[in-house]
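Got your viewer open and a few minutes to spare? Let's take a walk through this fold, one selection at a time.

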Amino acid sequence: MGAIAPRCVTPGLPIRASGPGRDDDDARGPGNGPGVGTIVKTQVKTKKPSMYRVLLLNDDYTPMEFVVHVLERFFNKSREAATEIMLHVHHRGVGVCGVYTYEVAETKVTQTIDFARRHQHPLQCTMEKE
Ligand code: TYC
């Protein structure tokens with residue numbers, strides 16, 4: 001099958017088909033005669049992904065320095081930002097490490113909990129829809 005050469009058209013304006021085998025007749029509006037159709041622009045619908053907050057929970061046993069390290073390592077925080085988040089969690093009980101799409105958030109939660117377990121710390125991490 002031969003490819004159809006693209007034409008330069010203005011959406012909404014009548015276009016006259018040329019030659020045999022024309023196929024523009026089916027979207028005729030008032031005033032469009034034979035061989036004249038109206039280009040209808042196809043709506044391309046895009047959806048923004050849902051975003052999820054990753055939360056760190058306080059506990060009495062995980063060392064502060066370990067929490068700072070987790071925030072640097074898995075959440076790409078600077079030492080200063082990591083320390084601020086860690087202290088917020090220490091004082092308030094819970095804090096946001098970052099906001100991500102579902103699969104990224106899930107990965108970070110798993111990485112954090114696994115890493116804490118391997119170091120025998122009870123640090124807990126969870127996620128919630130924004
Ligand atoms: N509360 C812990 C301590 O006093 C420190 C800590 C901070 C633990 C944040 C967990 O998510 C956490 N050693």
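Start by clicking on V54. Setting aside neighbours within four places in sequence, V54 is in contact with F75, G95, V96, C97, G98, Y100, A105, V109, C125, T126 and M127. Keep F75 and Y100 in mind for later.

Before going on, zoom out. You're looking at a predicted model, with three helices and five strands. Follow the chain from the N terminus and the elements come in the order β-β-β-α-α-β-α-β. Of the 130 residues, 28% are buried.

**The core**

V54 is part of a bigger group: the largest nonpolar core, which has 23 residues. Select V54, L56, V70, L71, F75, L123 and C125 to see those with the most contacts inside this core. Now colour β3 (51-57), α1 (64-75), α2 (79-92), β4 (94-101) and α3 (102-118), the elements that each give two or more residues to the core. Which element supplies the largest share? That's α1, with seven residues. As background, nonpolar side chains in soluble globular proteins tend to be buried together.

**The rings**

Next, show the aromatic side chains; the structure holds four aromatic pairs. Pick F74 and F115: their ring centres are 5.3 Å apart and the planes stand at 80°, so this pair is edge-to-face. F74 sits in helix α1 and F115 in helix α3, so the pair ties together parts 41 residues apart in sequence. Both are buried, with relative accessible areas of 11% for F74 and 4% for F115. Add F66 to your selection, and you have one aromatic cluster of F66, F74 and F115.

Now back to F75 and Y100. Here the ring centres are 6.4 Å apart and the planes are at 45°, so the pair counts as tilted. With F75 in helix α1 and Y100 in strand β4, the pair ties together parts 25 residues apart in sequence. F75 is buried, at a relative accessible area of 2%, and Y100 is buried too, at 16%.

Show K108 as well. K108 lies over the face of F75, 5.9 Å from the ring centre, and its charged end also sits over the ring of Y100, 5.1 Å from the centre of that ring.

**Last stop: Q124**

Finish in strand β5 (residues 124-129), where you'll find Q124. Buried, exposed or partly exposed? Q124 is partly exposed, with a relative accessible area of 37%. Leaving out neighbours within four places in sequence, Q124 is in contact with L55, L56, L57 and I113. For a distance to try, go from Q124 to T112: they are twelve residues apart in sequence and 7.8 Å apart in space, C-alpha to C-alpha.

Technical notes. Residues numbered from 1 in each chain as written. Predicted model: local features only at pLDDT ≥ 70, side-chain atom pairs only at ≥ 80, totals over all residues. Heavy atoms only, no water. Core = buried A, V, L, I, M, F, W, Y, C linked by side-chain atoms within 4.5 Å. Buried < 20%, exposed > 50% of the residue type's maximum accessible area, 1.4 Å probe, protein only. Helix = DSSP H or I, 4+ residues; strand = E, 2+ residues; numbered from the N terminus. Contact = heavy atoms within 4.5 Å. Phe/Tyr/Trp six-rings, centres within 6.5 Å; stacked < 30°, edge-to-face > 60°. Lys NZ or Arg CZ within 6 Å of the ring centre and 35° of its normal.
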